[in-house]
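Trainee: I'd like to learn how to read pockets, cavities and helix contacts. Could you walk me through a case?

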Amino acid sequence: MISANLIVFISLFYVALLFGVAWYGDRQAKQGGGAWLRSPITYTLSLSVYCTGWTFYGAVGSAVRNGLEFATIYLGPTLVFIGWWWFIRKVVRIGRNHRITSIADMLSSRFGKSNTVAVVATIAAVIAATPYIALQLQSVTLSFEAIVGGSERLDTTVAFWAATGMAAFTILFGTRSLDENERHYGVVAAIAAEAVIKLIALIAVGLFAIYGISGGLQDVVDNAARALPSLQEISPPRWVTLLFLAGAAIICLPRQFHVTVVENSSERHVATASWLFPCYLFLTSIFVLPIAIAGTSTMPAGSNPDLFVLTLPLSNDNDALAIFAFIGGFSSATSMVIVSTIALSTMVSNHIVAPLSMWFLSQQGTGRSGDVLRVLLNTRRISIGLILTLGFVYFRFTGGSDALASIGLIAFCGVAQFLPSLVAGVTWQGATRSGALAGLIGGFLVWCYTLLLPSFEGTLIMSADAVAHGPFGIEMLKPQGLFGAQDIDPLVHATVWSIGLNTVLLILVSLATRQSILERLQSALFVNAFRSEPAYAMGLVQRSAASEDLFILAQRILGAGTAKTMFDSAAREQGKLTGLPDATPNFISRLEQELAGSVGAASAHAMVNQTSGGGTISLDALMEIADEAARLMATTKALELKSQEAERTAAQLRAANQRLRLLDSQKDEFLSQVSHELRTPMASIRSFAEILESTPELDDASRGRFAGIIQSESVRLTRLLNDILDLKFLEDDAQRIPSHAIDAERSVDKALEVTEGTLADSPARIVQGRRCGQAQVYANSDRLAQVFINLLSNAIQHNASDTPVITVETRKDTNTYFVEISDNGSGVSATDRDRIFEKMVRGEKSRGVGLGLPISRQIVRSFGGDIELIDRDGPGATFRVTLPLHTPDEAP
Amino acid sequence: MTVRVMIVEDEPYIVESLEFLLSRDGFRVTSQSDGDQAMRDILNDPPDVLVLDAMLPGRSGFDILREVRNTPAVQSLPILMLTAKGQQSAAEDAKKSGVSLFMTKPFSNAELVDAVRRLAS
Amino acid sequence: MNPPGHPLKDRAATGPVSKEAKVPGVKGHRDPSKLRDAALILPIAGILLLMPPILSLFETDDPDAGGPPVAIYVFGVWALLICCSFWLSRRLYRDSDDR
């Protein structure tokens, strides 16, 4: 039996050693030395604050009870760290860019520097961490009792003194100053030292279990399945849930966020930690197994597996190893408590006390040089005491009856509630403050209801009966079986419901709400952390203030020395040799960032705004700078539009060009046609004239006939020339045709009369269909008749049928007069359809004057109507003339 | 042996004047106004000389010209082409397609008869 | 670390490792984008290998099995992941150095 005094003495000695290391580290850092303090190894070792007393003792217990499941607690962080490129790297970058001081600050800063978010996150973190801190007190107490053969009296005394000692250490080294970015070199040095000690202690006990108790490595492996049957199987739902919770915890636990992000001094350290930290976890876990196996094989039934690490050496009379193991466990517990309380007290003072003290100070008038720095440091000290007290009270209440592991998992599930907002915050620009708040609060309440309250086993708020059968006996609301879920592991149940609701609320509320402008700026800076330069975005918030006021503010928060250094360097940058720097928007934002490193983003923002009278962000500037991705997209889109426009223009040009070419070729064709039309009658005329001249012996009949041909071909020539002139005249000034209100039906009658007169010896026949009888239009009756004659003679001439039949129909509606002239010929081929109204173009196979249709169309158009070729069932072509009806009051 | 001349032309007055002129000069003259029909007549009973209008309903004068030149049986048939279109390009096209002689309307009677006479010999 | 400017030696040194790493697309470490892709794929591969469908293949209920296969598998994959991460982070590290 080891005496209690010896243990107390060794513990005190060990604590003194830690104080020494911390003091030395602080001094080295202050003197600018101590490269080892900023080395990746120290960084990685400080991450091992993840392995608490729960790991040191509880992992063996967990392995005995649930087999391989204990490994998930270390596999989750392993997966997150080997995937550092995905997530941790970004969070670390954001943390440095924005001088993030805690996970609550991170969320608050991302969601528009909202103090509400910070307060909610702080409260949640404190509630989730309290059982966890209690767990450490319990592990110290249990181990102390185990090693000295404890009595009931010692129970709370040990826990009390342990808590007091840790509070003293934390206050001494954790609150020496409001450090730039909350870096505590002394504390980190002590934590790193403890990390080494606890790992060596665990390995030592593991090796003792293998070689001192079991018969070597082979024996351990051979015995594994028999000693720990649970090692052979896994429970998939719990396995996946634990993997998820552990992965979330490694970044969401306030103390992990603190060592990973806040204390980080270089992104490269994360690269080293990406394999070295998993390595640490691997070593920790693998030595748990032989201890568990040796424990179950050799220890008497009923001994607490949570304490095998201690009781194995004890029962084998290896006191030195037992004491070393005790120190290892003590290290695990103290390092966790120290970092947790630093992280939590930072959150409490920055997000709860600072806004309150600001309010008090503003009530007393800003002129008073109230020392905010001292207030904050004191509140930090008080919060450390309060948090440890809370943990101690929790430990007293729950009586330490729970298995260690289950308490730790409650905390894991609690802090996992930060995960949806954190992940969405750095990957989804659309996530809004309201969404984050809804998700956080919803998830956190579900966690309280389904996991935290039932863990009190009826001693707090909910009775044991309510836990077992639902409040007021409503089975549907049973905390560990919501909506009738049965036989489901309480942890899996709580995780699914709380994280599920959290995520759903975050997404839905974000989609339904809008971001403030500051939120938009922050979301863009967070999500595009690798692309946007925060320094560039600083000048975006347009504020003005008196430099003197800013200096007073800076002195209060940063202390006189730091503030003076900062203002002097800013003044030099602005080219000023003496005096204060100008309060440019850029400088104000820089100051705000400096302050954020001490009091958190939300408080710093509020403080600076109080001095500078609020700020505005020009939306244009925001759009221009913050969202580089969006800007790129906009540029691309603009380019696309431009090229589309260019393409359209080019297409128009091409079309115009084609049209010009067509017109050109039509002009050629027109000339060629005119030439053809003129030369053909001319050829007859010349030929017959020469015949008449050179053939005096020609008989009279022939002579008469030839002269007749000459005459008729001359008439044809004249008519042709007239047509050409007509067309030219119409095209030049269509409006000049003298017009009157006339009855168009009479023009149709006239045209029919003229045309029928020429049909005497032709088989063609004209059929009159329905006629409307009378139609008042504003036109020239002779010209209109000319159009109808033209259409009729066209229909007859170009009719290949043996018995050409032309049908004429007229009708009118309220505004328009229609004349349709159709024939039973072969119709108009598709290729000709578009061209027949062009000058001088004839159908491919038809003959005759090519100017009739263009002239007719020109005439009708000058009267406000049109001629078109319309589609009709059956053979033949149908031309439709439309003319607007004339009403007398309509001025011509 | 009378020389047979075939006129392919759709303007009736021109056909009339050509028939008058050529028969007066001792040629046996037939005429056809449709391109398709003309091509069939040429293959059935090839004339000694062909007087061909360039623009015809159905097959154009140029089509007939090319087809004649591509048909071994009538390949060497002398062809006088008439056209009312005044462009130079038409004359060149005709020459390329293998026309024997080319005249533009309106033509001189003497020149025309002389041309047919030369083609016949 | 391989000294730069020794391509043959580098290839000889990294060739077998890249095979072991089971990271598709990583042939030479000169292409930083491939390395980054590998860094993104590694945790996904880890998650798949350490989750039930694959994990359950190694469960047994034989009490005399000796070393439980599922435990050996989990720790084996774990060690492998650490090796890959070591190999990758070293090169990504040097990459960012170049920039």
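Mentor: We'll take a pocket, a cavity, a helix pair and two annotated spans in turn. Keep in mind that this is a predicted model.

Trainee: Let's start with the pocket. How much space lies in the second largest pocket?

Mentor: A pocket is an open set of points, with protein on both sides. Here, the second largest pocket holds about 650 Å³ of space. It is lined by 22 residues, and V80(A), F244(A), G247(A), L419(A) and I47(C) are the closest to its centre.

Trainee: Which helices supply at least two residues each of that pocket's lining?

Mentor: From chain A, look at α4 (72–82), α11 (236–252), α19 (418–427) and α22 (490–512); chain C adds α2 (32–49). The top contributor is α11(A), which gives 6 residues.

Trainee: And how does the lining of the second largest pocket split by class?

Mentor: There are 17 nonpolar and 5 polar residues, and no charged ones.

Trainee: Now the cavities. How many of 30 Å³ or more does the structure hold?

Mentor: With a cavity, the probe fits but cannot get out. The structure has 8 cavities of that volume or more. Take the second largest one, at about 100 Å³. Its lining includes R38(A), Y43(A), Y185(A), E263(A) and H269(A). Helices α2 (40–47) and α9 (185–213) of chain A each supply at least two lining residues, and α2(A) gives the most, with 3.

Trainee: What classes of residue line the second largest cavity?

Mentor: This lining has 4 nonpolar, 5 polar and 2 charged residues.

Trainee: On to helix pairs. At what angle do α10 and α14 of chain A pack?

Mentor: For a pair like this, read the angle and the axis distance, then look at the residues that touch. Helix α10 (residues 217–227) and helix α14 (residues 288–298) of chain A pack at about 65°, and their axes are 10 Å apart. The crossing of α10(A) past α14(A) is left-handed. On the α10(A) side, V220(A), N223(A), A224(A) and A227(A) make the contact, while α14(A) brings P290(A), I293(A), T296(A) and S297(A). By class, the contact has 5 nonpolar residues, 3 polar and no charged.

Trainee: Last one: where does UniProt place the transmembrane region feature in chain C?

Mentor: The unreviewed UniProt entry puts that feature at residues 38–58 and 70–89 of chain C. You can then set each span against the model. Residues 38–58 of chain C are 76% helix and 0% strand, with end C-alpha atoms 27 Å apart. Residues 70–89 of chain C are 100% helix and 0% strand, and their end C-alpha atoms lie 28 Å apart.

Methods: Residues are numbered from 1 along each chain as its sequence is written. Chains are lettered from A and ligands numbered from 1 in the order in which they are written. This is a predicted model: local features need pLDDT of at least 70, side-chain atom pairs count only at pLDDT 80 or more; totals for chains, interfaces and linings use all residues. Side-chain values use heavy atoms; hydrogens and water are left out. On a 1 Å grid over the protein atoms alone, a cavity is a set of points where a 1.4 Å probe fits but cannot get out, and a pocket is an open set with protein on both sides within 12 Å along at least five of seven lines; lining residues have an atom within 4 Å of a point. Grid points are joined across faces, edges and corners, and a volume is the space filled by probe spheres set on the points. Helices (H or I, at least four residues) and strands (E, at least two) are DSSP runs, numbered from the N terminus. Ala, Val, Leu, Ile, Met, Phe, Trp, Tyr, Cys and Pro count as nonpolar, Asp, Glu, Lys and Arg as charged, and the others, Gly among them, as polar. UniProt positions are given in the numbering used here, feature names are shortened, and annotations may be inferred rather than shown by experiment. Axes are lines fitted to C-alpha atoms, for helices over the stretch in contact, and angles run from 0 to 180 degrees between N-to-C directions. A crossing is left-handed if the near helix is turned anticlockwise from the far one by less than a right angle, and right-handed if clockwise. Contact means heavy atoms within 4.5 Å.
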